[in-house]
Amino acid sequence: MGKTTNLRSYMTTSMLITSMPWAFKNMSTFYEDLKAQLSSLELGLSDAALSQKKDKEQIQSQRARIDEVQQRRDELRKELLQLDEEESKLLSLLANNEDSLQKHVTIEKDVTDSHTSLEKNITIAEEVAAKLEEANKGLKDAHDSLMSFKWET
């Protein structure tokens with residue numbers, strides 16, 4: 001039944017084309033228009049395929065760049081955590097060193113005060129030694145004078 005219908009359709013179309021020469025001329029123009037449309041569609045499909053390929057490549061490139069950025073972000077986060085830990089350790093050391101420095105400043109002040117006090121004591125001791133020597137000299141002179149004095153009995 002399908003072959004008969006196609007044959008009848010073909011025969012009907014063919015009889016119309018042969019019986020009407022103007023229809024054939026229009027069919028030829030119609031055929032050329034269809035070919036032009038087909039060519040235009042094929043060109044459009046080719047352009048669309050190229051555009052789609054370009055878009056896919058761009059998307060792949062952008063995804064690769066996103067992966068790089070995410071990896072770099074993860075590396076920087078890890079480095080930031082390490083720096084935070086190092087900062088924490090350094091702050092702790094700094095606090096300890098500031099305490100030690102304060103203790104050393106206190107000790108230095110105490111030593112400086114002791115040194116100043118010792119210098120004063122040395123100066124006083126030197127003055128006392130000079131006075132004692134002077135007194136000793138006076139006593140020696142008095143002793144010598146007493147020894148040279150003749151006792152009369």
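1. Let's start with one residue, Glu-68: its relative accessible area is 47%, so this residue is partly exposed. The cut-offs behind that label are simple: buried is under 20%, exposed is over 50%, and partly exposed lies in between. Please keep in mind as you read on that this is a predicted model.

2. Which residue does Glu-68 meet in a salt bridge? The partner is Arg-65, and the N to O distance between the two side chains is 3.3 Å. Both residues belong to helix H2, where they sit 3 residues apart, about one turn of the helix.

3. Now step back to the whole protein chain. It has 2 helices and 0 strands. Helix H2 covers residues 21–148, and the chain has 153 residues, of which buried residues make up 1%. The accessible surface of the chain is about 14800 Å², and carbon and sulfur atoms account for 60% of that surface.

4. Back to the charged side chains: how many salt bridges does the count come to? The count is 4, and the pair of Glu-68 and Arg-65 is one of them.

5. Another salt bridge joins Arg-73 and Asp-74, with 3.8 Å between the closest N and O atoms. A salt bridge needs a nitrogen of Lys or Arg within 4 Å of a carboxyl oxygen of Asp or Glu, so you can check this pair for yourself. Arg-73 counts as partly exposed because its relative accessibility is 37%. Asp-74 has a relative accessible area of 43%, so Asp-74 is partly exposed too.

6. Have a look at Lys-109 and Asp-113 as well. They form a salt bridge whose closest N and O atoms are 3.2 Å apart. The two residues are 4 residues apart in helix H2, so about one helical turn separates them. Is each partner exposed or partly exposed? Lys-109 counts as exposed because its relative accessibility is 53%, whereas Asp-113, with a relative accessible area of 41%, is partly exposed.

7. Finally, here is a part of the surface to find in the viewer. Which residues make a nonpolar surface patch of about 270 Å²? They are Ile-124, Val-128 and Leu-132. Leu-132 is found in helix H2. With 55% relative accessibility, Leu-132 counts as exposed, because the label applies to values over 50%.

Terms used:
Residues are numbered from 1 along each chain as its sequence is written. This is a predicted model: local features need pLDDT of at least 70, side-chain atom pairs count only at pLDDT 80 or more; totals for chains, interfaces and linings use all residues. Side-chain values use heavy atoms; hydrogens and water are left out. Buried means under 20% relative accessible area, exposed over 50%, partly exposed in between (1.4 Å probe, protein chains only). Accessible areas come from the Shrake-Rupley method with a 1.4 Å probe; for residues, only the protein chains shown count as cover. Patches are made of residues with over 30% relative accessible area and no salt bridge: like charges are joined within 9 Å, nonpolar side chains (Val, Leu, Ile, Met, Phe, Trp, Tyr) within 5 Å.
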